[in-house]
Amino acid sequence: FNNILVISDNNYLCGKLENILTEKLSSEQSVNFSISPFSDINEFKEFIKSEVMILDLKKENDVNFIIEHYDLILSIHCKQLFPGTLIEKIKCINIHPGYNPINRGWYPQVFSIQNNLPIGATIHEIDGELDHGPIIDRDFVKKNSYDTSGSLYDKILEKEIELFKKNIDSILNNTYKTFLPENEGNVFLKKDFNKLCKIDLQEETTAGKFIDKLRALSHKNFDNAYYIDSENGEKIFISLLIKRQND
Ligand code: 0FX
């Protein structure tokens, strides 16, 4: 591949992978960076040394521009769906913060804690379905009883960087091998996350399951889990503060 386009909506990961990628390019190869229209370009510029374009995969003109100019697309947490025309014409490779096919879809570590599923990261070719195509590489990360969404997510990002480093040569040279996911696995969507966030104060459960739910919904400063105050109908957000004995 000679003309590479990175599409991303995650400035931290994209910045890390830019450094690894640009070092690996041969003299014939070049890379450009783009983000979705809803990402903040100024924030991105703080993380990426190269120029950053805004490309909207819903716009035919932008898709045609990509098809004309590039022969490999690397999706680094791109929040737009890749249209069929793009996938058919150009090799599209995705880095997913979950272990395919176990953790397909949205915020994988949240559902991994909530449903007690193993988790990791995956590099795969994009096909017509979400986090579904032929797998180039994948690996697990360790999930502990004291992980929150936030702490587990940080481990997954590091795993994504490790997998990228390990596979980038064979990707750039188009010499990588793939294998198909064993089954359809699990897919969780944004609407599943939104539903999970609402705590039903009448629900009966075990302490273990309730702690798991709060761990799954505790991620740095995000307002995720909430219940409704019975007096004024206001949302009251809660999250878990976890401290280990040896911390
Ligand atoms: O870029 P990303 O880490 O990944 C997301 C999806 O999880 C992933 O499956 C998809 N391939 C990719 C394109 O988009 O998402 P983020 O930077 O918006 O969020 C990172 C984490 O932050 C998320 O895993 C959970 C947490 N978070 C985020 C938001 C916006 C929350 O806990 N609450 C929130 O409201």
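Me: What separates the centres of domain 1 and domain 2, and where do the domain bounds come from?
Reply: The centres, taken over C-alpha atoms, are 30 Å apart. The bounds, 3–188 for domain 1 and 194–237 for domain 2, come from an automatic or database domain assignment. Keep in mind that this is a predicted model, where local features need pLDDT of at least 70, side-chain atom pairs count only at pLDDT 80 or more, and totals for chains, interfaces and linings use all residues. Residues are numbered from 1 along each chain as its sequence is written, and side-chain values use heavy atoms, with hydrogens and water left out.

Me: How many residues of each domain are in contact?
Reply: Contact means heavy atoms within 4.5 Å, and by that rule 14 residues of domain 1 touch nine of domain 2.

Me: What makes Lys79 a polar contact of the ligand?
Reply: A polar contact is a pair of N or O atoms within 3.5 Å. A side-chain N or O atom of Lys79 is 2.7 Å from a ligand oxygen, so the pair qualifies. His77 does too, at 2.9 Å, as does Asn10, at 3.1 Å.

Me: Which residues around the ligand are the closest?
Reply: Of the 16 that surround the ligand, the closest are Lys79, Gly105, Gln109, Tyr153 and Asn224; being near takes a heavy atom within 4 Å.

Me: Which domains does the shell around the ligand draw on?
Reply: Both domain 1 and domain 2, with at least three residues from each.

Note on methods:
A polar contact is a pair of N or O atoms within 3.5 Å; within protein, one must be able to donate a hydrogen and the other to accept it, and residues adjacent in sequence count only if both atoms are side-chain atoms.
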